Amino acid sequence: MSLNKPYLDVPGTTIFDADQSRKGYWLNQFCMSLMKADNRARFKQDEDAYLAEWPMTDEQKAAVRARDLNWMMATGGNIYFLSKLGATDGLSFQQMAGSMTGMTEQQYRDMMVRGGRHPEGNRYKGEGGDAQGPMSQSEAWKAWQAKAQNGLAASVQQAQTATNSIATMGARITASVYSSHVPAIGAAIDHGKTAEPYWAPMFQGFEFSKRWMKEHLPDVIFLVYNDHATNFDLSVIPTFAIGTAAEFEPADEGYGPRPVPRVKGHPRLASHIAQSVIQQDFDLTIVNQLKVDHGLTVPMNLMFGTPAEWPCAVIPFHVNVVQYPVPSGARCFALGQAIRRAIESYDEPLKVQIWGTGGMSHQLQGPRAGLINAEWDNRFLDRLIADPKELSAMPHIDYVREAGSEGIELVMWLIARGAMADVAGGPAPKVAHRFFHVPASNTAVGHLILENQA
Ligand code: DHB
Ligand code: FE
């Protein structure tokens, strides 16, 4: 199955999806900056100087200078963002929309007065309607294309062709990995304390994992974790958010950024997963800019050690487990199944691992802080391996009572488990590794590696 994008077949129309959003990120951010009077004044005074402040592509800047909205849209612009630029120029929405049709302002207004453009012949590409012609282009855009010859003009089409092509061999999920993500583990690594008696037994439990990782290196890790009040403050907390950027910087959580490599993303696969999972009725928030905190970087260290570069791409996937209501185990388990369908419908033969992080039992607050329930944690591991569906029915309150208030992070493990082949009728996974240790800081460390059997 290729991406379900029926809107690619609508004439004269560009739908602003995750791919377009990623492409147009800085162009649209630049447009939004024009909502401030000071910025509008600086832009009007010296366009080139103002544009130089924005990391947009040269083509996007040229499209802005030419005030060619079709061109801006082809480079990822969205009309609601671009309208800030139009407003800065004193244009109405009718003038902006009309400018993209190839009509004069008067012709467009007259058409609207006559009742507007008729959908007849304008529903599908190739029909005989009046919106089927080539997109109107400024002389500047034509000149740009002529200069770039085949390259740039083709790039707009490229994504469409790729997504329309029939998948010959798709991506597949090879394994799932589960691990706590205690920040003190990161601090122990960063400060050279891993051999100390307190830490050595904990790191020992990941020695096998690092060797296993070398032999089972995926192309991409889909890494489920929670943002710990790092990117999402109390103004906005999405329940589920997917990172679609090309790179993610380690966050400064108050101690300074950790000395770990930047994380390379996989924008194309991430956008594909967003598209597919949202079409399976899960509401994901698409995040084009994100700094990754200990929830992501600590498991990376545990599985890879401390390389100069991370050896594969990572798609960060955030789950809100901080502010109630948080998603149920059942919803997380179903989401994992949707993610598996999304990944396996991707048209490149990528090996993908899915990781669930957080947990195990811990409570970081109040007079009950320090709660550890090793028996419950081990039972959780048993159930996660053998009967995740039954486990997914467990209500939040049981996590809180039994595993501490922050033990709720364990619902994220059900996303990774839901993506395994057996849940969709395939063979049971192989338990490649299992480890449990108390304590790391306030937390019980749990760790599992499950391999999908061919
Ligand atoms: C601790 C554990 C966590 O999972 C976390 O996010 C923060 C702190 C801890 O045990 O100290
Ligand atoms: Fe945490």
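## Working through a predicted fold

Met360 sits in the loop that links β9 (351-357) to α18 (374-386). Keep that residue in mind for the first exercise, and remember that you are looking at a predicted model.

**Exercise 1. Find which residue is joined to Met360 by a cis peptide bond, and give omega.**

Step 1. Go to the loop between β9 and α18, where Met360 lies.
Step 2. Look at the bond that joins Met360 to Gly359: it is cis, with omega about -5 degrees.
Step 3. Now try the bond from Tyr324 to Pro325, which is also cis, with omega near 5 degrees. Pro325 belongs to the loop between β8 (313-319) and α17.
Step 4. Here is the background: most peptide bonds are trans.

**Exercise 2. Work out what is unusual about the phi of Ala229, and say where Ala229 is found.**

Step 1. Start with the general rule: most residues other than glycine have a negative phi.
Step 2. Check Ala229: its phi is positive, about 50 degrees, although this residue is not a glycine.
Step 3. Place it on the chain: Ala229 is in the loop between β2 (220-225) and β3 (240-243).

**Exercise 3. Describe how α12 and α16 pack, and name the class of their angle.**

Step 1. You need two values, as packed helices are described by the angle between their axes and the distance between the axes.
Step 2. For α12 (residues 183-190) and α16 (residues 294-304), the angle is about 55 degrees and the axes are 9 Å apart.
Step 3. Perpendicular would need 65 to 115 degrees and roughly parallel under 35, so α12 is oblique to α16.
Step 4. Add the handedness: this crossing of α12 and α16 is left-handed.

**Exercise 4. Do it again for α2 with α7, then for α15 with α17.**

Step 1. α2 (residues 25-33) and α7 (residues 79-88) have axes that come within 8 Å and cross at roughly 45 degrees. That angle makes α2 oblique to α7.
Step 2. α2 passes α7 in a left-handed crossing.
Step 3. For α15 (residues 267-279) and α17 (residues 329-344), the axes come within 9 Å, at roughly 125 degrees. So α15 is oblique to α17.
Step 4. The handedness of the α15 and α17 crossing is right-handed.

**Exercise 5. Which residues surround ligand 1, and what kinds are they?**

Step 1. List the shell: His181, Val182, Pro183, His228, His294, His362, Leu364, Glu409, Ala440, Ser441, Asn442 and Thr443.
Step 2. Sort these residues: four are nonpolar, seven polar and one charged.
Step 3. Look for polar contacts. The side chain of His228 has an N or O atom 2.7 Å from an oxygen atom of ligand 1. For Ser441, such a side-chain atom is 2.6 Å from a ligand oxygen, and for Thr443 a polar side-chain atom lies 2.5 Å from one.
Step 4. Finish with the cover: ligand 1 taken alone exposes 300 Å², and the protein buries 90% of that.

Conventions:
Residues numbered from 1 in each chain as written. Chains lettered and ligands numbered in written order. Predicted model: local features only at pLDDT ≥ 70, side-chain atom pairs only at ≥ 80, totals over all residues. Heavy atoms only, no water. Near = heavy atom within 4 Å. Polar contact = N/O pair within 3.5 Å; in protein donor to acceptor, adjacent residues only side chain to side chain. Areas by Shrake-Rupley, 256 points an atom, 1.4 Å probe, with all protein chains shown as cover. Nonpolar A, V, L, I, M, F, W, Y, C, P; charged D, E, K, R; others polar. Axes fitted to C-alpha atoms, helices over the stretch in contact; angles between N-to-C directions. Helix = DSSP H or I, 4+ residues; strand = E, 2+ residues; numbered from the N terminus. Parallel < 35°, antiparallel > 145°, perpendicular 65-115°, else oblique. Left-handed = near helix turned anticlockwise from the far one by under 90°.
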